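Grab the model and work through these exercises with me. Each one sets a task and then walks through a solution.

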Amino acid sequence: MFILKRQDVEISTIGHPKRDQQVPILHYQGQTFRLISVFKASQEEEAKALWRELTDNKGKACVLLEEPERFSVWGKIRLDQLSGDTGSHSKISIFTQASILLLQAVYMDIEDFLGARQAALFQKEIAEVLQQWQFPQVSSSEGVKFLLDIDPLTVPVPDWQEHHVITLLQDLHRLGKAYFGNTNFAHPVADKLQDMPQGERSLFISWLNQSPLSKLWH
């Protein structure tokens with residue numbers, strides 16, 4: 001859709017009905033948009049690449065907001081749809097948050113124990129997984145950086161389905177085992193999700209234990 005300046009739009013927030021969290025909403029000419037991703041001022045090309053990926057290749061109605069200190073990408077949404085989304089804070093959103101936290105934990109361990117070169121290679125291989133399986137909103141080359149940089153507990157996460165979470169965790173386990181030479185990185189899962197609210201962490205682990213992933217992550 002459009003590249004907009006700050007003076008073109010109005011930004012407000014609405015309270016999340018289930019969590020102590022404000023959800024930013026961009027208003028432009030009677031339309032409403034939900035925040036997808038934020039980039040630093042130095043990441044103009046990355047921001048435009050994500051915006052083009054969503055608009056040109058995915059057919060999404062999105063705007064790119066240019067501000068002196070940052071760029072941000074917003075996806076169109078109806079407020080009643082947003083209310084429904086946040087009201088349910090669906091299980092899949094919680095599973096997506098947890099899977100992103102596990103991805104970040106493995107990445108940081110690789111960077112800490114194996115070095116920056118191996119971390120960069122791992123990042124490239126995860127990007128290939130996201131592209132191969134066409135993960136919504138993150139299948140561009142910049143998608144993996146978005147997943148590694150965000151705080152998934154405070155920033156809206158991609159709209160994935162359960163099979164996306166399962167695919168990511170299967171490939172994350174495969175790659176982690178190849179990098180570390182063992183599977184110690186995959187447990188205990190609860191220790192890697194300490195930042196999640198206890199109830200949501202328990203919900204994810206309960207689902208994990210009943211899923212095909214239970215032999216990989218526990």
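**Exercise 1. Work out whether Arg 70 is buried or exposed, and which residue it pairs with in a salt bridge.**

Step 1: Arg 70 has a relative accessibility of 30%, so it counts as partly exposed. The cut-offs here: buried means under 20% relative accessible area, exposed means over 50%, and partly exposed lies in between (1.4 Å probe, protein chains only).

Step 2: Its partner is Glu 67, with the closest N and O atoms 2.8 Å apart. For the record, a salt bridge is a side-chain nitrogen of Lys or Arg within 4 Å of a carboxyl oxygen of Asp or Glu.

Step 3: Glu 67 is buried, at 10% relative accessible area.

Step 4: Follow the shared partners and you get one salt-bridge network of Arg 6, Glu 67 and Arg 70.

A word on ground rules: this is a predicted model, where local features need pLDDT of at least 70 and side-chain atom pairs count only at pLDDT 80 or more, while totals for chains, interfaces and linings use all residues. Residues are numbered from 1 along each chain as its sequence is written, and side-chain values use heavy atoms, leaving out hydrogens and water.

**Exercise 2. Find where the partners sit in the salt bridges Glu 66–Lys 5 and Lys 48–Glu 44.**

Step 1: The structure holds five salt bridges. In one of them, the side chains of Glu 66 and Lys 5 meet at 2.5 Å, N to O.

Step 2: That pair ties together distant parts of the chain, with Glu 66 in strand β5 (residues 62–67) and Lys 5 in strand β1 (residues 2–5), 61 residues apart. Helices (H or I, at least four residues) and strands (E, at least two) are DSSP runs, numbered from the N terminus.

Step 3: Glu 66 is buried at 17%, whereas Lys 5 is partly exposed at 40%.

Step 4: Now Lys 48 and Glu 44, whose closest N and O atoms are 2.8 Å apart. They're four residues apart in helix α1 (residues 44–57), so about one helical turn separates them.

Step 5: Lys 48 is buried at 15%, and Glu 44 is partly exposed at 30%.

**Exercise 3. Describe how α6 packs against α3 and against α4.**

Step 1: Two packed helices are described by the angle between their axes and the distance between the axes. Axes are lines fitted to C-alpha atoms, for helices over the stretch in contact, and angles run from 0 to 180 degrees between N-to-C directions.

Step 2: The axes of α3 (residues 91–114) and α6 (residues 162–180) come within 10 Å and cross at roughly 15°. So α3 is roughly parallel to α6. Angles under 35 degrees count as roughly parallel, over 145 as roughly antiparallel, 65 to 115 as roughly perpendicular, and the rest as oblique.

Step 3: For α4 (residues 116–132) and α6, the axes come within 11 Å and cross at roughly 150°. That makes α4 roughly antiparallel to α6.

Step 4: Check who touches whom, with contact meaning heavy atoms within 4.5 Å. On the α4 side you'll find residues including Leu 121, Phe 122 and Val 129, and on the α6 side residues including Leu 168, Leu 172 and Tyr 179.

**Exercise 4. Locate His 187 and list what it touches.**

Step 1: His 187 lies in the loop between α6 and α7 (189–192).

Step 2: At 29% relative accessibility, His 187 is partly exposed.

Step 3: Leaving out residues up to four places away in sequence, His 187 touches Lys 192 and His 218.
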